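Me: I have a model open and want to go through a few residues in it. Can you take my questions one at a time?

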Amino acid sequence: MTIFSFKPLLAALVFTSALAVNAQDGAVSLDSCRSLALENNKDLMIARQKIRKAGYQKKEAFAAYLPAIDFAGGYVYNQRELSIFDSDQLLPTKSFNLKTQNYEFNIVKNPVTGEPIKGPNGQYIPETVALIPKEAMTYDIHNVFFGAITLTQPIFMGGKIVAMNKITKAAEEVARELSIAEAENVIYAVDAAYWMVVSLKAKHDLAVSYVNLLDTLNRNVELMMREGVATKTDLLSVQVKLNEANVDLVKVENGLVLSRMALAQVCGLPVNTVLTLADEGKDVPINAFEKPAYNLNDVYETRPDLKALALGVEVSKQQKKVALSSMLPSVALIGSYEFSNPNMYDGFKKNFKGAFSVGAVVKIPIWHWGGDYGKYKAAAVDETIRKLELDDARQLVALQVSQADFKMDEAVKTYEMTNTNLAKADENLHSAEVAFREGVSTTDLVMAAQTAWLKAHSEQIDAMIDLSLCKTYLSKVLGTLYK
């Protein structure tokens, strides 16, 4: 069963189930977005068609094993009739001589001497002749119909047919592996767009909270200024910060709208579709980012791009055999039934009649000035190139996996540190607000604490999103993202 034989249906079922589960709050999960993208992505649709095309080419190659049956027919109009003689023909006759026991020509003889008489042309004059009229040997070929049914069965083609079947089979597998690689790219793009929306939604909520903090501080400073315990400068500095926060809020809101459009586009939906995501406003537990164990040899066997390159080596190996077949003998069995009207099987008759014929064809290459050998050596070099490309790709994959693994560890540590910084920033903001209310702190210190609080929350959001993408990327480089 091919990988896409049931997955489009499965994707639709998963998305439908997800929507049913989240019908109350309208939230769409990450798996639902992935399923939508896998179903609607045009590149994946093209990849599926390429798999179908490769399957048809495999059937075409297999057909070369079987006998080929063809029909050819035609009609010809001839201006002239066909005549064997240019005039009536007089043929000498023979009579049986009892004395000699042989047939002898009937020739005119001299009645006196009994000797044969020659004519003016130096030839003996026949005594009796047989008349063959010209009309009797003239045939009407003005309208000629003909046809033939032929059968050709390859017996040995130098291994070319076997090699071509292996090539088309490998080509189908290559198309399948490349489609998996494309599916992984689509999933990664969906994850990036999904977590971008989650990130901007979290930052939007954070920006709203930050604006509310500054707005509360602004009202408090206004009251304090009326009571004479705060200055105009204190109020203006808070209002400047509040205006900056409102501008940042508008930017985040615009970015959130655009990111939702980008996610809808990746999922294959109209860009004006508003998707509310299941992970919006939620904290992802750290154990959700547990790093999978892996073995590089297993990665080499799992990565679809490496499998496609390995199949490319097999294709080049079989192409070398195809090139070799041009230097080997080929044998084929042929049979045909040929018919025509008029026909000459029983005299000249104006009706359809035909006959069978069976034979064999043998082709043995003798000397082509090294052309076929050059073709074979070129195919051998191409096989070597494919092997080197595969080895180089494996080295790059090993480096890619190591980098993704290291980045995953780094993202986990960063996420843990941002959580620690977040707790300290919350405590610092609380202390600054208490001190300000008690009159032992300034507005600058409160705003500094609020800014630190905003930065800590923003960094924690970025770390969480980065960790999510690092996990997805690690699965991608391990070849386990699309299974």
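**Loops and a helix**

Reply: Start with a loop: Pro342 sits in the one between strand S11 (330–341) and strand S12 (353–363). Keep in mind that this is a predicted model.

Me: OK. Is the peptide bond from Asn341 to Pro342 cis or trans?

Reply: That bond is cis, and its omega is near 5 degrees.

Me: What comes after S12, and where does Trp369 lie?

Reply: Trp369 is in the loop that runs between S12 and helix H8 (371–437). Its phi is positive, about 60 degrees, although Trp369 is not a glycine.

Me: Trp369, buried or exposed?

Reply: Exposed, because its relative accessibility is 74% and the cut-off for exposed is over 50%.

Me: Back towards the N terminus now. What is phi for Gln101?

Reply: Phi of Gln101 is near 60 degrees, again a positive value in a residue other than glycine.

Me: And where is Gln101 found?

Reply: In the loop between strand S5 (94–97) and strand S6 (102–105).

Me: Changing topic: which helix has Asp191?

Reply: Asp191 belongs to helix H4, which covers residues 160–226.

Me: Why does Asp191 count as buried?

Reply: Because its relative accessibility is 0%, and buried means under 20%.

Me: Which residues is Asp191 in contact with, leaving aside neighbours within four places in sequence?

Reply: Leu30, Arg34, Leu469 and Thr472. So on the accessibility cut-offs, Asp191 at 0% is buried, whereas Trp369 at 74% is exposed.

Conventions: Residues numbered from 1 in each chain as written. Predicted model: local features only at pLDDT ≥ 70, side-chain atom pairs only at ≥ 80, totals over all residues. Heavy atoms only, no water. Helix = DSSP H or I, 4+ residues; strand = E, 2+ residues; numbered from the N terminus. Buried < 20%, exposed > 50% of the residue type's maximum accessible area, 1.4 Å probe, protein only. Contact = heavy atoms within 4.5 Å.
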